[in-house]
Amino acid sequence: MTGGYNKELNNRLRSHWLWDWITTTDHKKIAVLYMLGGTFFFVIAGVQALLMRTQLLFPNNDFMVGREFNELLSMHGTNMIFFVAMPLLFALMNAIIPLQIGARDVAFPFLNALGFWLFFAGALLMNLSMLFGNSPDSGWTNYVPIASNTYSAGTGIDYYALGIQISGFGTLMGGLNFIATIINMRAPGMSLLRMPLFTWTSFVSSALILFGFPPLTAGLFLIIFERLFGAGFFDVAVGGNPVIWQHLFWIFGHPEVYIVVLPAFGIMSEVISTFAKKRLFGYNSMVFASLLIGFLGFMVWAHHMFTVGMGPVANSIFAIATMAIAVPTGIKVFNWLFTMWGGKIRFTTAMLFAVGFIPTFVIGGVTGVMLASPPGDYQYHDSYFVVAHFHYTLIGGVVLGLFAGAYYWWPKMFGYKLNETIGKWSFWVFFIGFHLTFFIQHFLGFFGMPRRVFTYQAEDGVALINQISTVGAYMQALGVAIIVFNVIYSYMHRTPAGNDPWDGRTLEWTIPSPAPVYNFAQLPKVRSVDAFWHEKMLGNKQMEPAEPLGPIHMPNNNHLPFLMSLGMFVSGLGFIFRSWEVGALGLAFFFLVMFLRSFEKDHGYHIEPDEIQRVEKGANA
């Protein structure tokens with residue numbers, strides 16, 4: 001009997017490999033696309049950081065000055081937040097969440113592909129500004145009136161606004177997709193309080209995306225209309241107010257910190273629990289702490305605005321809320337420590353990144369509480385103390401979390417482990433370089449060095465600190481280069497990792513590595529938290545199936561997400577260069593393809609039981 005799987009497989013083999021990746025709706029392949037896209041922009045943003053630190057190596061240096069430095073700073077920050085942290089986390093979420101909840105795919109495969117291609121179109125659009133010589137120059141926060149036509153003429157801010165707007169649509173679709181997937185597609189027996197922590201934190205993060213991105217979208221629409229069509233939303237002369245942008249941006253901007261940090265918290269929980277060989281301490285408290293962080297994350301945005309003159313009452317309210325959010329974060333830190341306490345800890349590379357994350361993020365959290373005090377913030381505001389603080393939270397939290405997750409789930413995604421010896425070298429070089437770069441920047445802030453400045457005087461007495469910080473930045477770059485080398489080396493010397501190389505606890509370790517296209521031949525029956533570990537403790541080598549072996553429905557590849565994103569990209573370019581016809585044509589093409597999609601009779605294909613058995617037999621051979 002020849003079913004749909006063989007037919008679909010033959011179709012893909014006949015098509016070009018590149019076309020197969022462009023049209024894919026498989027969440028595992030989309031995860032790889034997110035990983036490649038995020039890594040590409042990570043390299044760009046990293047080079048921008050090194051150029052800035054090189055400029056600050058000596059007093060009165062003229063390597064990159066004025067507008068050039070402002071463009072570097074703006075592009076570095078925007079790339080890192082929107083086009084590195086977000087897609088790399090989405091890569092792990094796409095690769096792992098369906099496997100952790102026992103699902104065969106995400107809820108909306110077409111929307112998943114569209115989300116990736118819109119992200120990539122927006123990121124590429126903004127980064128093209130570097131080639132055309134007019135990049136955004138008003139910081140990653142894009143404050144008006146600096147970002148207005150008066151003070152930032154040219155097309156730089158237009159690249160920023162339209163690039164993030166297009167990319168944001170894709171992120172919003174991704175968040176909606178994960179919420180629907182986690183609510184509706186969990187395996188039989190997996191109640192909400194049996195979900196792995198990575199799935200839980202990704203769920204809360206997706207909810208934050210759903211509520212956090214619309215204010216940013218609204219703010220970007222206002223700034224686009226002001227720049228392109230002369231509206232006056234932020235122009236005081238015609239009754240506008242620049243503080244409106246700050247509110248709209250930070251109502252998104254502070255939840256954004258938790259959008260990227262919460263999944264990293266989930267990664268830490270999975271890694272620490274696995275390599276301490278213990279169930280996560282205080283599982284229920286960890287879940288409710290994640291929910292509380294998500295809730296309070298929307299209550300603290302104006303702590304970024306203590307110096308704009310909101311008044312003592314508003315400042316006090318946001319100060320108290322900011323201090324309160326340290327409580328659920330502290331619960332998580334102590335639970336990780338208690339999980340390790342008395343455990344049989346294996347210091348793999350992933351575990352090293354996880355253990356290094358704890359003190360690093362705590363330092364970032366402590367300085368955050370310092371900044372939560374309005375009188376203190378008046379002194380720290382816009383100084384290098386703030387730069388040190390948010391790099392300790394975002395690199396100490398997100399980047400170390402990403403590296404831990406990459407080393408941990410690499411064998412599940414690609415079928416082989418990354419080399420552990422090289423991995424440990426990458427950890428120590430990066431970790432030492434990070435602290436060398438940013439710990440000393442707290443003192444730069446205390447000594448009064450403002451952030452975003454491109455030079456300083458010899459008599460300021462900060463040359464040595466800047467030089468140490470620059471050496472640390474190059475060490476971080478070397479650490480990342482070692483990781484890239486590790487990927488190449490491990491691929492060339494790869495050996496099959498097997499289903500469960502780490503003696504894991506959750507459902508993703510019950511299936512072959514890499515996972516087959518349908519993930520699970522039979523949906524597993526979940527009977528406890530850490531479902532796979534529970535079965536191991538009962539003496540079972542695999543999960544009990546919750547259904548008989550039967551046909552599996554799968555989605556077809558589809559080229560329309562790529563075409564829709566192409567339409568958005570062309571439209572963005574048209575509006576940037578004030579070619580209204582091209583802008584309107586791109587939008588019309590986008591909506592035309594969307595209209596055609598609504599009539600598309602695409603019912604996917606089925607994989608028949610005999611085909612599943614052949615695949616399973618080949619995977620176990």
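In this predicted model, the charged end of Arg-597 is placed over the ring of Phe-110, at 3.9 Å from the ring's centre. A second arrangement of this kind involves Lys-29, which lies over the face of Trp-21 at 5.2 Å from the ring centre.

Arg-597 and Phe-110 also lead to helix α19, since the ranges of two of its packing partners include these positions: the buried residues of α19 pack against α5 (109-127) and α20 (580-597), as well as against α6 (156-184) and α7 (197-229). Helix α19 covers residues 560-576, and its length can be checked against its geometry. At 1.5 Å a residue, its 17 residues should span 24 Å, and the end C-alpha atoms are indeed 24 Å apart, so the two values agree. The helix is mostly covered, with twelve of the 17 residues buried. Among them are Met-564, Met-568, Phe-569, Phe-575 and Ile-576, together with the glycines Gly-567, Gly-572 and Gly-574. Buried positions of α19 also include Ser-565 and Ser-571. After the helix comes Arg-578, which has a positive phi, near 60 degrees.

Aromatic side chains form another theme of the model. A pair of aromatic rings is described by how far apart the centres lie and by the angle of the planes. The structure holds 63 such aromatic pairs. One of them joins Phe-82 and Phe-83, whose ring centres are 6.3 Å apart and whose planes make an angle of 50 degrees, a tilted arrangement. Both Phe-82 and Phe-83 are buried. Another pair is formed by Tyr-408 and Trp-409: the ring centres are 5.1 Å apart and the planes stand at 55 degrees, so this pair is tilted. Here the angle decides the class, because tilted pairs are those that fall between the limits of 30 and 60 degrees. Tyr-408 is buried, with a relative accessible area of 0%, and Trp-409 likewise counts as buried because its relative accessibility is 0%.

A polar residue in a buried position is found in helix α3 (residues 27-55), where Gln-48 lies. Gln-48 has a relative accessibility of 4% and therefore counts as buried, the cut-off being under 20%. The side chain of Gln-48 is joined to that of Asn-79 by a polar contact of 3.5 Å. Beyond its neighbours within four places in sequence, Gln-48 is in contact with Asn-79 and also with Leu-72, Met-75, His-76 and Met-130.

Notes
Residues numbered from 1 in each chain as written. Predicted model: local features only at pLDDT ≥ 70, side-chain atom pairs only at ≥ 80, totals over all residues. Heavy atoms only, no water. Helix = DSSP H or I, 4+ residues; strand = E, 2+ residues; numbered from the N terminus. Expected span 1.5 Å × (residues − 1). Buried < 20%, exposed > 50% of the residue type's maximum accessible area, 1.4 Å probe, protein only. Contact = heavy atoms within 4.5 Å. Phe/Tyr/Trp six-rings, centres within 6.5 Å; stacked < 30°, edge-to-face > 60°. Lys NZ or Arg CZ within 6 Å of the ring centre and 35° of its normal. Polar contact = N/O pair within 3.5 Å; in protein donor to acceptor, adjacent residues only side chain to side chain.
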